[in-house]
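Visitor: I'm new to this one. Please put it on screen and take my questions as they come.

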Amino acid sequence: MKEICIVFCLSKQLLSLDDTRHLAEVLSSILKPEDILTLQGDLGAGKTTFARYLIRTLCQKDIDVPSPTFTLVQTYETPAFTIWHFDLYRMKVPDEAFELGIEEAFAQGISLIEWPQNLGPYYPHHALTLSFEDEGSAKKVTIRGNTQWETRLCHLKI
Ligand SMILES: Nc1ncnc2c1ncn2[C@@H]1O[C@H](COP(=O)(O)OP(=O)(O)OP(=O)(O)O)[C@@H](O)[C@H]1O
Ligand SMILES: [Mg+2]
């Protein structure tokens, strides 16, 4: 059985879209190829909104970032890497993830994954996990990661 060691846990209220944008901008500054962010939370919890701001920041452009609800994956090119935005809500079996390019994403790109639990045995336990919750007009996020993520995030003003 794979060892899961979460040592970093931080909760934050996201009272407005601006708060979500700020979080995305701050986190974007430390991301690099091979990083994986799993975005957890119920329908409407704020996952795509966060991904949208993160992608726009990394691409340095105010580009259209649709929810990949039906395509399941959408990619975005930056000069340094490809961003892979997955929404696995409609994925029927974990093996489908290979057809979507998950191996290439994990090996070379930055991966943002909504509904990551649908990966089953392929769930990336070394990912940084952002768990979103709907709190009426606002949202809440809880960020969890391993020692490596703690080291990388400890100097950020989240
Ligand atoms: N911090 C926030 N404050 C207020 N509203 C927000 C915030 N973040 C997101 N929203 C709003 O909440 C709604 C749902 O957000 P979003 O589509 O990102 O959820 P989701 O988790 O991706 O849902 P799904 O599981 O259906 O893909 C949108 O209308 C969005 O504008
Ligand atoms: Mg979504």
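**The pocket and a helix pair**

Visitor: Which residues lie nearest the centre of the largest pocket?

Guide: Leu43, Gly44, Lys47, Thr48 and Glu114 do, out of 14 lining residues. A pocket here is an open set of 1 Å grid points where a 1.4 Å probe fits, with protein on both sides within 12 Å along at least five of seven lines; lining means an atom within 4 Å of a point. This is a predicted model: local features need pLDDT of at least 70 and side-chain atom pairs 80 or more, while totals use all residues. Residues count from 1 along each chain, chains are lettered from A, and side-chain values use heavy atoms.

Visitor: What gives the most to that lining?

Guide: Helix H2, with 3 residues. Helices are DSSP runs (H or I) of at least four residues.

Visitor: And the lining by class, how many of each?

Guide: The lining has 4 nonpolar, 6 polar and 4 charged residues.

Visitor: New topic. At what angle do H1 and H2 pack?

Guide: H1 (residues 17-28) and H2 (residues 47-59) pack at about 50°, their axes 8 Å apart. H1 is therefore oblique to H2 (not under 35 degrees, over 145, or 65 to 115).

Visitor: Which residues of H1 and H2 meet there?

Guide: From H1, among them Leu17, Thr20, Arg21 and Leu23; from H2, Phe50, Tyr53 and Leu54 are included. Meeting means heavy atoms within 4.5 Å. By class, this contact has 8 nonpolar, 4 polar and 2 charged residues.

Conventions:
Axes are lines fitted to C-alpha atoms, for helices over the stretch in contact, and angles run from 0 to 180 degrees between N-to-C directions. Helices (H or I, at least four residues) and strands (E, at least two) are DSSP runs, numbered from the N terminus. Ala, Val, Leu, Ile, Met, Phe, Trp, Tyr, Cys and Pro count as nonpolar, Asp, Glu, Lys and Arg as charged, and the others, Gly among them, as polar.
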